[in-house]
Amino acid sequence: MKSSNEDDVRDSIHPEAAPVRRSLFRKYFIALLAAVIVPITASGISNAWFGYRDQRAMLSALLRVEATSAAGKMQSFLDGIRDQLSWTVQQAWNPDAEGQHRLDALRAMRQAPAIVSITLVDSTGVERLHVSRIGLNRMESGSDRSGDPAVAGARSTGLWYGPVMFRNGSEPFLTMAMAGNRKADAFVVAEINLKLIWIVVSEVRVGRSGQAFVLDQTGRLIAHPDISKVLQGTDENTAAARRRLRDEIATAGGEATTARNAENERVVTAMASIPSVGWTMFVEQPQAEAFAPLYASLWRTGGLLLAALILAAALAYWLARRMTGPIRQLEEGTEKIGAGQFDHRIDIATGDELERLAVRFNQMAQELAKSRDRSERIARLKRFLAPQVAELVEKSGDESVLAGQRAEVVPVFCDLRGFTAFSAHAEPDDVMQVLRDYYEALGAIITRYEATLTNFSADGLMVLVNAPVPSAEPALRAVEMAIDMQDAVQHLIAEWRLRGHAVGFGIGLAMGRATVGRIGYEARVDYTAIGNVVNLASRLCSSADDLQILTDDSVACSVGGKIPMVALGARHLKGFDEEVRVYDVGIRRLTSDFAPAPEISAKS
């Protein structure tokens with residue numbers, strides 16, 4: 001026995017005493033690497049690289065052709081409208097020909113449904129005729145349009161396009177103005193609804209699911225096969241991202257590039273400009289579809305590699321038949337442990353280091369199972385209990401205190417006054433910083449009093465005292481906690497007001513019997529209370545002004561004279577048929593901005 005132990009120690013100290021293991025590893029590694037992995041991997045990488053490069057070049061050419069073609073169609077759309085408008089300014093303005101001018105305008109609108117309104121202006125800049133699909137028509141209004149940018153642009157260049165405007169924040173409109181063939185005679189100004197150009201972009205298809213869309217100079221979406229995307233408008237962040245994509249393609253010399261579209265999908269994109277209006281036509285194709293032939297080649301290479309790996313496994317088995325069995329068991333055991341199956345055990349009886357390794361492996365799995373169970377138990381409890389209470393329940397191993405039951409509890413509700421108005425106008429970073437400071441201050445107090453935070457939403461919190469762990473004087477403990485909460489938040493409010501944030505803080509609490517316990521489902525559990533006393537505390541919180549801590553008669557009577565309170569009389573609270581006697585905890589006396597309030601006993 002001693003000799004055997006000495007041999008074991010010597011083997012562990014001197015690795016060279018185990019030449020079989022070292023030789024097996026070297027043969028397995030060299031055979032697999034040299035015969036299979038190196039040549040097939042090198043071949044696969046080279047094929048993938050050249051295939052990717054060729055596919056990318058072909059895609060770039062195809063997408064650029066499609067983008068150029070679509071841009072030409074868009075330009076033809078605008079040219080068609082321009083040609084229709086040119087008929088309205090073919091002849092000089094003559095009062096005797098007002099009817100003919102009106103007929104020309106109506107004919108142009110009939111021939112070009114995208115035209116919403118046409119306005120004819122004479123050479124002096126006076127409006128002579130206005131025809132509209134959505135407004136009232138005007139004849140000889142006499143309005144001075146000489147300062148209109150559209151008239152000025154048409155007078156200067158002959159043909160003028162205005163920026164794209166989104167009417168009512170959604171529908172894109174374009175103003176087009178042009179001078180007649182005799183510039184001193186008349187000008188026409190037309191409003192064009194760009195919703196109709198979706199017909200042009202919807203006809204563009206690249207592959208099975210590729211599509212086209214149009215951006216204006218600022219990067220806003222003005223045409224898309226899904227017209228609802230246009231009507232929704234474009235936020236500045238999305239517009240900035242699209243401008244960056246446009247600049248990136250332009251920097252690359254117009255070559256197609258890969259990017260993420262508005263739906264966060266990987267696509268291959270190319271573009272072409274529409275110079276007359278400064279717009280950009282984009283065409284895109286999903287990357288998975290564009291590189292499908294390349295992916296198919298990679299799958300074939302992967303299949304060959306898999307077949308080679310099977311052959312290598314057979315070779316390794318032939319080289320070390322007695323070693324592969326235990327190694328396989330260890331490998332499978334490692335995978336199952338990694339997948340969380342800590343009850344899996346390995347049975348190896350080789351009488352050597354592998355058997356000892358299996359024993360250590362099984363011991364490790366057992367310890368991991370215990371550690372996981374404990375971690376899950378603590379994490380589950382800490383979701384709705386104070387850390388001290390979670391540790392107590394975990395150590396005792398008894399969760400019966402969390403089961404549904406009737407108990408006398410003190411629910412405490414609190415939230416910030418004016419927070420909605422503040423968050424609507426403040427910067428997001430300021431709002432999040434205020435909430436972080438707010439929750440850090442209140443969280444420390446709730447933990448110190450070993451209360452249970454059952455719910456929080458935005459600036460509102462619900463805290464339970466006397467459940468699930470009972471408290472000797474729950475009402476007094478809840479009032480003391482509320483005073484500390486009010487005092488801590490008021491210090492924060494003083495700092496916030498120096499930064500211009502006008503907010504306040506109010507608290508409401510009540511005492512009574514309620515149903516408490518766990519609710520939820522397997523993946524998510526909360527601990528809460530249900531009952532009339534919860535609704536009462538919530539209503540008291542809603543009625544509390546800044547600096548106020550409102551309580552009901554039960555809390556006031558229970559606290560007695562230990563904490564001064566001010567009787568506010570009976571109030572009618574929403575959801576309660578009868579008026580409720582309300583008290584205010586005298587925290588105002590601790591603030592120099594308020595005069596001392598008269599003290600009363602709980603029984604008064």
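Which residues are buried in H16? Val533, Val534, Leu536, Ala537, Leu540 and Cys541 are, and View 2 picks them up again. This is a predicted model, in which local features need pLDDT of at least 70 and side-chain atom pairs count only at pLDDT 80 or more, while totals for chains, interfaces and linings use all residues. Residues are numbered from 1 along each chain as its sequence is written, and side-chain values use heavy atoms, with hydrogens and water left out.

**View 1. The whole chain, before zooming in.** The protein chain has 17 helices and 21 strands (DSSP runs numbered from the N terminus: H or I with at least four residues for helices, E with at least two for strands). Of its 604 residues, 42% are buried (buried is under 20% relative accessible area, exposed is over 50%, and partly exposed is in between, with a 1.4 Å probe and protein chains only). Take the contacts with a separation of 6 or more: 59% of them join residues 24 or more positions apart (a contact means heavy atoms within 4.5 Å). About 32000 Å² of the protein chain is exposed, with 55% supplied by carbon and sulfur atoms (Shrake-Rupley areas with a 1.4 Å probe; for residues, only the protein chains shown count as cover).

**View 2. Helix H16 and its buried side.** H16 runs over residues 532-543, and its end C-alpha atoms sit 17 Å apart, which agrees with the 16 Å that its 12 residues should span at 1.5 Å a residue (expected span: 1.5 Å times one less than the number of residues). Buried here are Val533, Val534, Leu536, Ala537, Leu540 and Cys541. They cover an arc of only 160 degrees around the axis, so they end up on the same side of H16 (the arc is that of the directions from the helix axis to the C-beta atoms). Turned away from that buried side is the face carrying exposed Asn532 and Ser542.

**View 3. Helix H3, another one-sided case.** H3 (residues 98-111) has 14 residues and reaches 20 Å from first C-alpha to last, close to the 20 Å expected at 1.5 Å a residue. Its buried residues are His101, Asp104, Ala105, Ala108 and Met109. Their arc around the axis is only 135 degrees, which puts them on the same side of H3. Flip to the other side of H3 and you get Leu103 and Arg110, both exposed.

**View 4. Glu127 and its surroundings.** Glu127 belongs to strand S2 (residues 127-132) and is buried, with a relative accessible area of 2%. Its side chain makes a polar contact with the side chain of Arg145 at 3.1 Å (N or O atoms within 3.5 Å; within protein, one must be able to donate a hydrogen and the other to accept it, and residues adjacent in sequence count only if both atoms are side-chain atoms). Leaving aside neighbours within four places in sequence, Glu127 is in contact with residues including Thr119, Val121, Arg138, Glu140 and Arg145.

**View 5. Aromatic pairs, and Gln285 on strand S12.** The count comes to 5 aromatic pairs (Phe, Tyr and Trp rings, the six-membered one for Trp, with centres within 6.5 Å; planes under 30 degrees apart are stacked, over 60 edge-to-face, the rest tilted). Phe213 and Phe282 are stacked, 5.3 Å centre to centre with 5 degrees between the planes. This pair links strand S8 (residues 211-215), home of Phe213, to strand S12 (residues 279-286), home of Phe282, 69 residues apart. Phe213 is buried at 7% relative accessibility, and Phe282 is buried at 0%. Gln285 also lies in S12 and is buried, at 6% relative accessible area.
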